[in-house]
Amino acid sequence: MRASAYFSWAFLLSPIWAAPVSELASEISARQNSFTDYAYVYFTGEGYSNGEQVYMAVSNNNDPNQWTALKNGQPYLTSNVGTKGIRDPSLIVAPDRSKFWIIATDLKVNGLPGGWSNTDMTTKGSKSIVVWESTNLRNWSGPRLAKVSPDNAGMTWAPDAIWDPARNAFMVYWTSNVVSTANGITAGWKILRCYTNDFVTFTKPEQYITGYGMDNTIIAGDNGQFYMISKNGPNELIQQNVAYNGLSGGWQKVSENIGQGSLPAGEGPLIFRDNKDRNKWHLWIDNYTKGSGYMPFETYNIAGGQWSKTQSYRLPANPRHGYVVPITAAERSALAS
């Protein structure tokens, strides 16, 4: 077990991936044409003794609605640090695809006295995320703990990360119940953030946003905007917001009640772009009240925030909160080997 120390901003002055933003964007655009499939990282739930571990699946024939679970549906990676369980894994890809990280919530509900009624998980929970690292998607180092939350945080849930071109670094963000005002962060439910280039050293955590719910995930659009999807708003459903001035700019609501009429409530949303049709986007919502896992939705107009339920799909068994990323044929082969 190793908790990463907070690090000064000095290490970000010479970032690992310091290519000009325009060059980086062109390289990413070129690589998008080589994507042949998708990878899905997830957990299967506290109802199983091994359900709170890392599971992996790959799509079939570049179809985001047809999947094959890896390792015969058994855990792909197992945590033996912290609580010895994980939830809400995210698969983070370096801009040049030379490294990959899986980051996840350090929490195991299965076997916890009182289960979800145990308030210790939100007031005395882990201040760390669980991290694995790979250069080829086949061999993974870890797990290890990386402390990202301040000492006054009661939990560190649903960690995610996105490359921030304005800072040439990954912005790592997560949901936290801040139990007391300290460290420059006021008490209450917040989305906190920090920055890193290697998921080993991190800047000091800071308050990012409030009032935007939990289980937040952010994806970049085409013209410099960012879209944030979260569990927020009426009926415990999903909300979409947009930022036009970078990740530190203001967020504006685009739509809410996403999923209404198809599921009673939702959480753990994930969002990704279609490999074959760049105008098409996919949004999965965890139908957690029914215990059935993810339900896919899609849109051809992400700016409008109007999503319709996908009519035909076959996801892996018990697909809970996770992450989908595009992959190349070689990367799919590496994962499946």
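These are my notebook entries on the empty spaces and aromatic rings of this structure.

**Entry 1: what I have.** I am working from a predicted model.

**Entry 2: a pocket.** I started with empty space, since rolling a probe the size of a water molecule over the atoms shows where such space is left. I looked up the second largest pocket and got a volume of about 440 Å³. It has 22 lining residues, and I noted the ones closest to its centre: Arg 87, Trp 116, Glu 267, Tyr 288 and Arg 320. Which elements give two or more residues to this lining? I found strand S4 (86-93) and strand S12 (214-220). I also sorted the lining of the second largest pocket by class and got eight nonpolar, six polar and eight charged residues.

**Entry 3: a cavity.** Next I checked for closed spaces. How many cavities of 30 Å³ or more does the structure hold? I found one. The largest cavity has about 60 Å³ of space. I wrote down its lining in chain order: Ser 90, then Ala 158, Pro 159 and Asp 160, then Asp 215, Asn 216 and Thr 217, then Pro 269 and Leu 270, and last His 321, Gly 322 and Tyr 323. At least two of these residues come from each of strand S8 (157-164), S12 and strand S16 (267-273). By class, I have five nonpolar, five polar and two charged residues around the largest cavity. I noticed S12 turning up again here, having already been on my list for the second largest pocket.

**Entry 4: ring pairs.** Then I turned to the aromatic rings. My count came to 16 aromatic pairs. I picked out Trp 101 and Phe 199, whose ring centres are 4.7 Å apart. Why do I call this pair tilted? The planes are at 40°, and tilted covers angles that are neither under 30 degrees nor over 60. Where do the two residues sit in the chain? Trp 101 is in strand S5 (residues 100-106), while Phe 199 is in the loop between strand S10 (188-196) and strand S11 (206-209). They are 98 residues apart, so I put the pair down as a link between distant parts of the chain.

**Entry 5: buried or exposed?** I checked Trp 101 and got 0% relative accessibility, so Trp 101 counts as buried. I got 0% for Phe 199 too, and Phe 199 therefore counts as buried.

**Entry 6: more rings.** I traced a cluster linked by ring pairs, made up of Tyr 38, Tyr 40, Tyr 42, Tyr 55, Trp 67, Phe 272, Trp 284 and Tyr 294. One last find was a charge over a ring: the charged end of Lys 71 sits over Tyr 76, 5.1 Å from the ring centre.

Definitions and conventions:
Residues numbered from 1 in each chain as written. Predicted model: local features only at pLDDT ≥ 70, side-chain atom pairs only at ≥ 80, totals over all residues. Heavy atoms only, no water. 1 Å grid on protein atoms, 1.4 Å probe; cavity = no way out; pocket = protein on both sides within 12 Å on 5 of 7 lines; lining within 4 Å. Points joined across faces, edges and corners; volume = space filled by probe spheres on them. Helix = DSSP H or I, 4+ residues; strand = E, 2+ residues; numbered from the N terminus. Nonpolar A, V, L, I, M, F, W, Y, C, P; charged D, E, K, R; others polar. Phe/Tyr/Trp six-rings, centres within 6.5 Å; stacked < 30°, edge-to-face > 60°. Buried < 20%, exposed > 50% of the residue type's maximum accessible area, 1.4 Å probe, protein only. Lys NZ or Arg CZ within 6 Å of the ring centre and 35° of its normal.
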